[in-house]
Amino acid sequence: MATATTRWCVHHPQRAAFALCMTCTRTICQECATQWDGIYHCAPCLAKQRTGVVARSPVGGWLALIVFTAILLFVTARLMVWSGALIAGLF
Amino acid sequence: MIRAPLSTTSVLDETSDAVALAAAPWAAVLVLTSLPWRFLQVLFVDQLIELGGNAAHYGRALGSTANAATIAFIVSLIGRAIYARAINLAAASGRRPGTEAFRVPRAALATYLFTGSLVAVLFYATWFTIIGIPLTIMVSGLAIGTMPLNDRAGIVAPLKRIGRFAREAKTLTALTFVFLVALAVAMVNLLAAFGIGLWLVHGFGGIDISRWEALLDFGTRRFDLLLIAGGIIAVEPFWIAANVILVRKAGAEESGEELRLWFRELAGR
């Protein structure tokens with residue numbers, strides 16, 4: 001609570017902070033805050049997201065996500081057997 | 001719906017409200033998607049105990065159960081994502097969530113499949129250390145709690161987000177302890193429910209239950225394993241909701257929302 005006086009909107013320095021943008025983690029006032037799916041975003045981040053969707057497709061991110069998830073799921077099944085057999089062997 | 005500063009009791013208080021709003025029918029979706037995974041886990045552990053020291057020689061048989069359990073695990077992660085979204089919508093609006101709970105954003109779902117799988121690997125790599133179990137429970141809770149915040153596909157951002165909310169270690173530890181106690185209470189209740197059920201069937205139905213008594217007796221391996229699985233299934237909706245609420249409240253603490261509450265409290269005095 002000691003930092004109460006330092007919480008101001010980054011776009012309107014005269015206004016008290018209302019929420020935190022979950023994308024850029026900056027404090028924003030009521031006017032700047034837009035709730036989307038229950039999460040607060042500031043106007044520039046929302047605009048960036050909108051243009052980002054059109055301008056570039058995050059193929060790299062999706063590819064990494066799919067490959068890593070597939071590897072992790074494969075390892076999960078193997079680890080289940082290995083660690084289980086290891087523990088069962090102790091008894 | 002954020003009403004009080006972040007603490008274990010305030011998280012549990014708001015969790016009960018959110019669960020009351022979202023439980024029907026979303027807790028059923030969660031339970032239905034979790035059931036195959038939990039049953040296959042029970043089957044796997046039962047096979048391990050049965051094989052004992054010879055388990056290493058039956059890798060193929062155990063592997064097929066593990067593969068089936070992993071597929072069921074993916075289904076359960078999807079169920080968790082739908083339920084977490086329902087809780088998030090209920091907490092944000094204070095109303096019963098509609099079918100929009102099914103519309104989990106693709107990026108959020110995919111990142112949760114990734115973080116959920118990572119937690120599973122961590123769990124199976126550390127479960128024999130005992131301390132690994134509560135630690136992975138906490139990371140798993142943060143993974144589902146931060147899921148609604150993941151709006152872009154990637155592997156670094158969701159992990160950073162989990163790390164950011166891991167700062168609430170004190171509340172997370174307290175919540176994990178509360179839910180481990182709740183799990184024990186749920187198991188005792190389930191055991192009592194089975195006992196009462198058998199007693200009623202025997203007392204009023206006049207049916208011979210000697211075979212069922214042997215099967216549903218505390219101390220019977222399969223029944224004990226099913227009891228643990230049943231306890232987890234009973235507690236899971238509250239645990240997921242608590243983690244979603246914890247992340248929401250931790251986010252509000254960083255923002256002005258907590259300050260507004262403080263000012264309101266001061267003005268009220």
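Biologist: How many residues does each chain bring to the contact between chain B and chain A?

Modeller: Two residues are in contact if their C-beta atoms, placed from the backbone, lie within 7 Å, and in this predicted model the contact takes 44 residues from chain B and 37 residues from chain A. Residues are numbered from 1 along each chain as its sequence is written, and chains are lettered from A in the order in which they are written. Because the model is predicted, local features need pLDDT of at least 70 and side-chain atom pairs count only at pLDDT 80 or more, whereas totals for chains, interfaces and linings use all residues.

Biologist: Which helix gives the largest share of the side of chain B that touches chain A?

Modeller: Helices are DSSP runs (H or I, at least four residues), numbered from the N terminus, and helix 2 of chain B gives the largest share of that side, eleven residues.

Biologist: How do helix 1 and helix 2 of chain B run relative to each other, roughly parallel or roughly antiparallel?

Modeller: Axes are lines fitted to C-alpha atoms over the stretch in contact, with angles from 0 to 180 degrees between N-to-C directions; those of helix 1 (residues 8-51) and helix 2 (residues 59-93) of chain B come within 8 Å and cross at roughly 165°. The two helices are therefore roughly antiparallel, a term for angles over 145 degrees.

Biologist: Which residues touch the most other members of the largest nonpolar core?

Modeller: A nonpolar core joins buried Ala, Val, Leu, Ile, Met, Phe, Trp, Tyr and Cys residues through C-beta atoms within 7 Å, buried meaning 20 or more other C-beta atoms within 10 Å of a residue's own. Of the 69 residues in the largest core, these are B:Ala18, B:Ile87 and B:Ala241, and helix 2 of chain B supplies the largest share, 14 residues.

Key:
Angles under 35 degrees count as roughly parallel, over 145 as roughly antiparallel, 65 to 115 as roughly perpendicular and the rest as oblique. A residue is buried if 20 or more other C-beta atoms lie within 10 Å of its own, exposed if 12 or fewer, and partly exposed in between; C-beta atoms are placed from the backbone.
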